[in-house]
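Trainee: I am new to this structure. Please give me a close look at one part of it, the interior: the spaces inside, and the residues packed around them.

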Amino acid sequence: MAAADQPKVKLYWLEQSRAQNILWLLEELKVPYELETFRRVDKFAPPELKKIHPLGKSPVISVTPVGSAEPIVLAESGFITQYLSEHFGGNTTMMPRRWKDGQEGKVGGETEQWLRWQYYLHFVEGSLMPMLIMAMVLGVLSSPTIPFFLRPITSMVARQLFSSLVFPNVKAQLSFLEQQLKTSGGDYLCGPELTSADVLLSFGLITAKDKFESFGAWESGGPKTLFPRLFAYIERLAAHPGYKKSEAKIKEIDSSLGIRFSL
């Protein structure tokens with residue numbers, strides 16, 4: 001199909017953001033796309049992104065339909081992932097088949113794989129990432145950026161919030177993902193094949209995998225011993241050719257651009 005016969009897709013990519021998930025997804029979908037990169041300014045997105053979307057965050061994509069001059073601008077990782085998967089994933093494994101045979105359009109007629117896929121699109125942004133972002137913010141309270149005479153107080157507050165809120169929630173979520181992998185019927189969360197839900201999960205899990213140990217007082221062996229399927233899954237995501245290709249894509253543009261945020 002000629003380029004003129006395809007929608008024009010553009011990803012506005014911000015360093016150290018979940019835009020990396022969408023870049024990987026576009027590679028898996030084999031969609032021709034344009035990429036524009038942005039650097040953070042004092043750890044925040046630059047004001048130029050507000051020209052693309054009022055909230056000035058990333059990821060943001062624009063999709064210009066064939067025959068139209070007006071792009072559709074989409075924000076929020078889960079929404080972008082679903083939209084791209086539904087429109088461009090037909091010849092890929094990114095979106096599982098929705099309906100059981102003969103159950104099309106009926107309540108309860110959805111396949112287990114599709115229900116899992118739909119759930120994880122919301123789990124990532126609604127449960128996992130808020131806890132990881134909170135962990136990142138609390139880490140700042142114990143860092144040298146806090147004046148030394150205030151740091152004992154802010155560090156104490158950070159430790160209390162970590163132990164009472166962050167650690168129990170993250171531990172429960174990792175345990176949940178371990179069980180989901182046990183019952184998925186394959187190496188990925190929806191079964192034997194990679195889907196866009198796995199891609200969406202990748203950024204947070206790969207970023208935090210070496211930090212989970214420091215989140216609290218784990219049982220003997222720590223999280224890697226408690227959740228062996230999950231950590232094998234994270235390594236599988238990080239080693240996936242599509243993930244490697246998405247990282248290389250950024251490095252080709254500018255090797256100084258940061259890909260992962262710091263917890």
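Mentor: What follows starts with the enclosed space, goes on to the packed residues, and ends with the open pocket and the loops.

The model is predicted, and that applies to each value below. A search of the whole structure finds one cavity of 30 Å³ or more. The largest cavity holds about 60 Å³ of space. Its lining is made up of Q20, N21, W24, S202, F203, I206, T207, Y243, S246, I259 and R260. Helix 1 (19-29), helix 5 (196-208) and helix 8 (241-253) are the elements that each supply two or more residues to this lining. Helix 5 has the largest share, with four residues. By class, the lining of the largest cavity has five nonpolar residues, five polar residues and one charged residue.

One of these lining residues, W24, is a good place to stop. W24 sits in helix 1. Its relative accessible area is 1%, so W24 is buried, the limit being under 20%. Setting aside neighbours within four places in sequence, W24 is in contact with L194, V199, S202, L237, H240, G242, Y243 and S246. Of those partners, S202, Y243 and S246 also appear in the lining of the largest cavity. The side chain of W24 also makes a polar contact, at 2.8 Å, with the side chain of E28. For a sense of scale, the C-alpha atoms of W24 and F167 are separated by 29 Å, and the two residues are 143 apart along the chain.

From the cavity, turn to the packed nonpolar residues. In soluble globular proteins, nonpolar side chains tend to be buried together. In this model the largest nonpolar core has 65 residues, and those with the most contacts inside it are L84, L205, F212, F215, L230 and Y233. Helix 3 (residues 112-141) gives the largest share of this core, twelve residues. A second, separate core has six residues, among them Y12, F38, V60 and A75. Back in the largest core, Y233 touches L181, D187, Y188, L189, D198, L201 and L205, leaving aside its neighbours within four places in sequence.

L189 is also touched by Q180; the other residues that Q180 touches, not counting those up to four places away in sequence, are R116 and Y120. Q180 belongs to helix 4 (residues 151-182). Its relative accessibility is 18%, which is under 20%, so Q180 counts as buried. Between the side chains of Q180 and Y120 there is a polar contact of 2.6 Å.

V31 is another buried residue, with a relative accessible area of 8%. V31 lies in the loop between helix 1 and strand 2 (33-38). Its contacts, apart from neighbours within four places in sequence, are V9, L26 and F88. V31 and Q6 are 25 residues apart in sequence, and their C-alpha atoms are 9.1 Å apart in space.

Now the open space. The largest pocket has a volume of about 840 Å³. Its lining has 30 residues, and Q16, R40, K43, I133 and M136 are the closest to the pocket centre. Helix 3 supplies the largest share of this lining, seven residues. The lining of the largest pocket divides into 13 nonpolar, ten polar and seven charged residues. Helix 3 therefore has the largest share both of this lining and of the largest nonpolar core, by the DSSP runs used to set out helices.

Q16, one of the residues closest to the pocket centre, leads on to the backbone. Q16 is in the loop between strand 1 (8-14) and helix 1. At 27% relative accessibility, Q16 counts as partly exposed. Most residues other than glycine have a negative phi, and most peptide bonds are trans. The phi of Q16, however, is positive, near 55 degrees. E76 also has a positive phi, near 80 degrees. E76 is placed in the loop between strand 4 (72-75) and helix 2 (77-88). The peptide bond that joins S58 and P59 is cis, with omega about 15 degrees. P59 is in the loop between strand 2 and strand 3 (60-64).

Definitions and conventions: Residues are numbered from 1 along each chain as its sequence is written. This is a predicted model: local features need pLDDT of at least 70, side-chain atom pairs count only at pLDDT 80 or more; totals for chains, interfaces and linings use all residues. Side-chain values use heavy atoms; hydrogens and water are left out. On a 1 Å grid over the protein atoms alone, a cavity is a set of points where a 1.4 Å probe fits but cannot get out, and a pocket is an open set with protein on both sides within 12 Å along at least five of seven lines; lining residues have an atom within 4 Å of a point. Grid points are joined across faces, edges and corners, and a volume is the space filled by probe spheres set on the points. Ala, Val, Leu, Ile, Met, Phe, Trp, Tyr, Cys and Pro count as nonpolar, Asp, Glu, Lys and Arg as charged, and the others, Gly among them, as polar. Buried means under 20% relative accessible area, exposed over 50%, partly exposed in between (1.4 Å probe, protein chains only). A polar contact is a pair of N or O atoms within 3.5 Å; within protein, one must be able to donate a hydrogen and the other to accept it, and residues adjacent in sequence count only if both atoms are side-chain atoms. Contact means heavy atoms within 4.5 Å. A nonpolar core is a set of buried Ala, Val, Leu, Ile, Met, Phe, Trp, Tyr and Cys residues joined through side-chain atoms within 4.5 Å.
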